[in-house]
Amino acid sequence: YKKLWFIELLTYLLIWFFVFAVPVYYNHLYGTIFWENVYSEWIILTAFLLIFIINVYALVPSLLFKKKYALYFTSCFIVCSAIIYAFVYLYVDYNAKLNSGMPPMEISPDIPMELSSKMPFAKGFRPDSNILQSSNNTILLNNFLVLILIIVASSSLKLFTRWISEDKRIRRNSKKKWSYY
């Protein structure tokens, strides 16, 4: 069982390492990494990781394995809602602070400002507050849909590892039983 636990943990670590590496790869342009954008994406990814850990190590073993399905789904909904709401708030707040000042005119010595996502709006342009509100709601909805996939995947992985360990235990017990005859 300890070997299976180690393989499970190693699998989780590798998956999440690659998930956290994706923003670094996509925010890399002309040899420069835009760390502000990476940190912004890592805020949401941290929420996903936190929910993954809570689901795999707390909710699945204590509720799903004990066949308390209604309580499991209710707990998942409450945990996901609370964490995503908090982290989307942090994400929007971080991006608002990030984009509130005048950006530098060059990203690096070779890259002009126009290639950056930090290019300021034209003077006098103010985004409509309804657009900003709908984008916040869209961020919440998109993240909630991703969370459903994360919960299903993490629960499936945990159920699969439990199935493997139960199968090994049953085979061991059946070999012992048949060895007496």
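Here are some numbered notes to help you find your way around this predicted model.

1. Let's start with the overall layout. The protein chain has 181 residues, and its secondary structure consists of 4 helices and 4 strands. Reading from the N terminus, you will meet these elements in the order α-β-β-α-α-β-β-α. It helps to keep that order at hand, as the points below refer to helices by their labels.

2. Next, a few totals for the protein chain. Of its residues, 27% count as buried. Its accessible surface is about 13,100 Å², and carbon and sulfur atoms account for 68% of that area. As for contacts, if you take those between residues at least 6 apart in sequence, 73% of them join residues at least 24 apart.

3. Which residues make the nonpolar surface patch of about 930 Å²? They are Trp5, Phe6, Ile7, Leu10, Leu14, Phe17, Phe18, Ile53 and Tyr57. Helix α1, spanning 2–26, and helix α2, spanning 35–64, each supply at least two residues of this patch. The largest share belongs to α1, with 7 residues.

4. One member of the patch is worth a look of its own. Leucine 14 sits in helix α1. Its relative accessibility is 46%, so leucine 14 counts as partly exposed.

5. Now for the charged pairs. As a general point, side chains of opposite charge can pair when their charged atoms come close. How many salt bridges does the structure hold? There are 2, and the next points take them in turn.

6. Lysine 158 and glutamate 8 meet through their side chains in a salt bridge, with an N to O distance of 3.1 Å. Since lysine 158 belongs to helix α4 and glutamate 8 to helix α1, this pair ties together parts that are 150 residues apart in sequence. Are these two residues buried or exposed? Both lysine 158 and glutamate 8 are buried.

7. Staying with glutamate 8, its relative accessibility is 8%; because buried means under 20%, glutamate 8 falls in that class. If you set aside neighbours within four places in sequence, the contacts of glutamate 8 are Val56, Lys158 and Thr161. Lys158 is thus in that contact list as well as being the salt-bridge partner of glutamate 8.

8. In the other salt bridge, aspartate 167 pairs with arginine 171, and their closest N and O atoms are 3.2 Å apart. Here both residues lie in helix α4, 4 residues apart, which is about one turn of the helix. Aspartate 167 counts as partly exposed because its relative accessibility is 28%. Arginine 171 has 53% relative accessibility, so it counts as exposed.

9. If you are looking at pockets, the second largest has a volume of about 220 Å³. Its lining has 13 residues, and those nearest the centre are Phe73, Cys76, Ile148, Ile151 and Val152. Two or more lining residues come from each of α3, covering 69–98, and α4, covering 129–179. Which element gives the most to this lining? Helix α4 does, with 7 residues.

10. Tyrosine 39 is another residue to visit, this time in helix α2. With a relative accessible area of 42%, tyrosine 39 is partly exposed. Its C-alpha atom is separated by 9.1 Å from that of valine 24, and the two residues are 15 apart along the chain.

11. Finally, have a look at the loop between α2 and α3, where lysine 67 is found. Most residues other than glycine have a negative phi. Lysine 67, which is not a glycine, has a positive phi near 60°. Lysine 67 counts as exposed because its relative accessibility is 60%.

Methods. Residues numbered from 1 in each chain as written. Predicted model: local features only at pLDDT ≥ 70, side-chain atom pairs only at ≥ 80, totals over all residues. Heavy atoms only, no water. Patch = residues over 30% accessible without salt bridge, like charges linked within 9 Å, V, L, I, M, F, W, Y side chains within 5 Å. Areas by Shrake-Rupley, 256 points an atom, 1.4 Å probe, with all protein chains shown as cover. Salt bridge = Lys/Arg side-chain N within 4 Å of Asp/Glu carboxyl O. Buried < 20%, exposed > 50% of the residue type's maximum accessible area, 1.4 Å probe, protein only. Contact = heavy atoms within 4.5 Å. 1 Å grid on protein atoms, 1.4 Å probe; cavity = no way out; pocket = protein on both sides within 12 Å on 5 of 7 lines; lining within 4 Å. Points joined across faces, edges and corners; volume = space filled by probe spheres on them.
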